[in-house]
Amino acid sequence: ERGRGGAPIRNPAVLPTGKNMHALDPQSIPTAAAVECANRVVEKLLERLEKDNGELPETVAFTLWGTDNIKTYGESLAQVLGLVGVRPVADALGRVNKLELIPLEELGRPRVDVVVSCSGVFRDLFINQMNLLDRAVKLAAEADEPDDQNFVRKHAKEQAKEMGMSVREAATRVFSNAAGSYSANVGLAIENGGWESENQLQEQFVGRKGFAFNADKPGSMEQSTDMFKAALSTVDVTFQNLDSSEISISDVSHYYDSDPTKVVESLRKDGRKPSSMMADTTTANAQVRSLSETVRLDARTKLLNPKFYEGMLASGYEGTREITKRLRNTMGWSATAGEVDNFVYEDANDVFIKDPEMQERLLSTNPNAFRDMVTTFLEANGRGYWDTDEDNIERLQELYQEVEDRLEGVSG
């Protein structure tokens, strides 16, 4: 018997499990329900940004994930279309392959430009939707509307002039990895500590994610680093979705691996750091928060939550590694976005390092993971992400040597 895959919270029809699972028809997304949910999130995002900054953003940078769009039936894809002011239109069979430009009078606000970074899995699964996004942006760029009401057209015209190309060519906004390539590998560099500067991470991001999709040349993804940089240089806001109760922003490295916040800061002519926002769509009442608020919430519910770390410690070796992994992933957000409050490191140090009993528990269950934790604290301080007193640093340095000695079998 066949049955749907996906998240049972969003779609109870997934249960019971154990069927011959299929996900969805890629041509059917975004669904009408996904568009409705997406439009609510777009409204909340723009309301929050206007409240915080006093004006609407001109460009929002998006990250689109393959599995997330399967689970939500294309919600984040529909958010991109909603910002640009384009309506997806399904045919009689439910296939979404047509687009309508929403009139400005109906939209009630300017069209917001977008820069879309698609994951490698999204590229593999949803090439038709990348085509849809590219056509939507070009539709907006070629609309005969005033620049102050159409930021897509405004930026495409500026970039066309600077780069000596047509407005349609300059309206390239959909990017991903080269065929067969996945991720920016920023997370990999941060996990193994093998990076010299943030500039190295930023160049890596732009180089690996800067392959452009062009609906006018289907079937090819061309390296377009200059175009990618030009598009990112106008970004006012970076934005991602959290749509699963199972995975948070410190559980995996993928979210910060694809975060372009500091990349944008380095590319903007005014050097201003963009706002960083996240939508939590794990419940029907979606919440839009700043990235720093999301990091704080995540730290309080996971890394610094006694129920979490005691539960992890009770599971032994792997549990200690999970705690260390969350600390390392939290530092990843410092590296890519600079949105981790100092107290997160300070409180984590108080919980895991200052307490001798806790030290011994971590060391006895997984000495390698504990060494990695000590290394992460020292690295966070050395890279300027954590400001703390000398006593804490000296304690960490001594602990590192103690752990090394124990691992090497050296007795005192």
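In which helix does Phe-205 lie? Phe-205 lies in helix H10, which covers residues 198-209, and in this predicted model the residue is buried, with a relative accessible area of 1%. Leaving aside the neighbours within four places in sequence, Phe-205 is in contact with Ser-117, Ala-184, Val-186, Gly-210, Phe-228, Leu-232, Asp-257, Ser-258, Pro-260 and Val-263. One of these partners, Ser-258, is 53 residues away from Phe-205 along the chain, yet the C-alpha atoms of the two residues are separated by 7.7 Å.

Another of the partners of Phe-205 is Ser-117, which leads to the strands. In strand S7, the bridge partner of Ser-117 is Phe-175, and the two strands concerned, S6 (residues 113-118) and S7 (residues 174-176), run parallel and are joined by two bridges. Both S6 and S7 belong to an open sheet of eight strands, whose order is S9-S8-S7-S6-S3-S10-S11-S12 and whose pairing is mixed. At the edges of this sheet stand strand S9 (221-223) and strand S12 (287-290), each of which pairs on one side only, and from one strand to the next the twist averages 30°.

A further pairing joins strand S4 (residues 86-90) to strand S5 (residues 96-101), which run antiparallel and are linked by five bridges. Within this pairing, Arg-87 stands opposite Glu-100 in S5. The hairpin of S4 and S5 has five residues between the strands, and in this hairpin Gly-94 takes a positive phi near 85°.

The two strand pairs described above can be set side by side.

| Strands | Direction | Bridges |
|---|---|---|
| S6 (residues 113-118) and S7 (residues 174-176) | parallel | two bridges |
| S4 (residues 86-90) and S5 (residues 96-101) | antiparallel | five bridges |

Turning to the helices, helix H1 (residues 32-53) packs with helix H3 (residues 75-84) at an angle of about 55°, their axes lying 8 Å apart. That angle makes H1 oblique to H3, and the crossing of the two helices is right-handed. On the side of H1 the contact is made by Ala-34, Val-35, Cys-37, Ala-38, Asn-39, Val-41, Val-42 and Leu-46, while H3 contributes Glu-75, Ala-78, Gln-79, Gly-82 and Leu-83. Sorted by class, the residues of this contact divide into nine nonpolar, three polar and one charged.

How buried or exposed is Gln-79, a residue of this contact? Gln-79, which lies in helix H3, is buried, because its relative accessible area is 1%, under the 20% that sets the limit for a buried residue. Apart from neighbours within four places in sequence, Gln-79 is in contact with Ala-38, Val-41, Val-42, Phe-62, Phe-239 and Asn-241. Among these partners, Ala-38, Val-41 and Val-42 are residues that H1 brings to the contact with H3.

A second helix pair is formed by helix H6 (residues 127-141) and helix H7 (residues 151-163), which pack at an angle of about 85° with their axes 7 Å apart. H6 and H7 are therefore roughly perpendicular to each other. The contact involves Val-137, Ala-140 and Ala-141 of H6, together with Val-152, Arg-153 and Ala-156 of H7. By class, the contact of H6 with H7 holds five nonpolar residues, no polar residues and one charged residue.

Technical notes: Residues are numbered from 1 along each chain as its sequence is written. This is a predicted model: local features need pLDDT of at least 70, side-chain atom pairs count only at pLDDT 80 or more; totals for chains, interfaces and linings use all residues. Side-chain values use heavy atoms; hydrogens and water are left out. Axes are lines fitted to C-alpha atoms, for helices over the stretch in contact, and angles run from 0 to 180 degrees between N-to-C directions. Helices (H or I, at least four residues) and strands (E, at least two) are DSSP runs, numbered from the N terminus. Angles under 35 degrees count as roughly parallel, over 145 as roughly antiparallel, 65 to 115 as roughly perpendicular and the rest as oblique. A crossing is left-handed if the near helix is turned anticlockwise from the far one by less than a right angle, and right-handed if clockwise. Contact means heavy atoms within 4.5 Å. Ala, Val, Leu, Ile, Met, Phe, Trp, Tyr, Cys and Pro count as nonpolar, Asp, Glu, Lys and Arg as charged, and the others, Gly among them, as polar. Two strands pair if DSSP finds at least two bridges between them. Buried means under 20% relative accessible area, exposed over 50%, partly exposed in between (1.4 Å probe, protein chains only).
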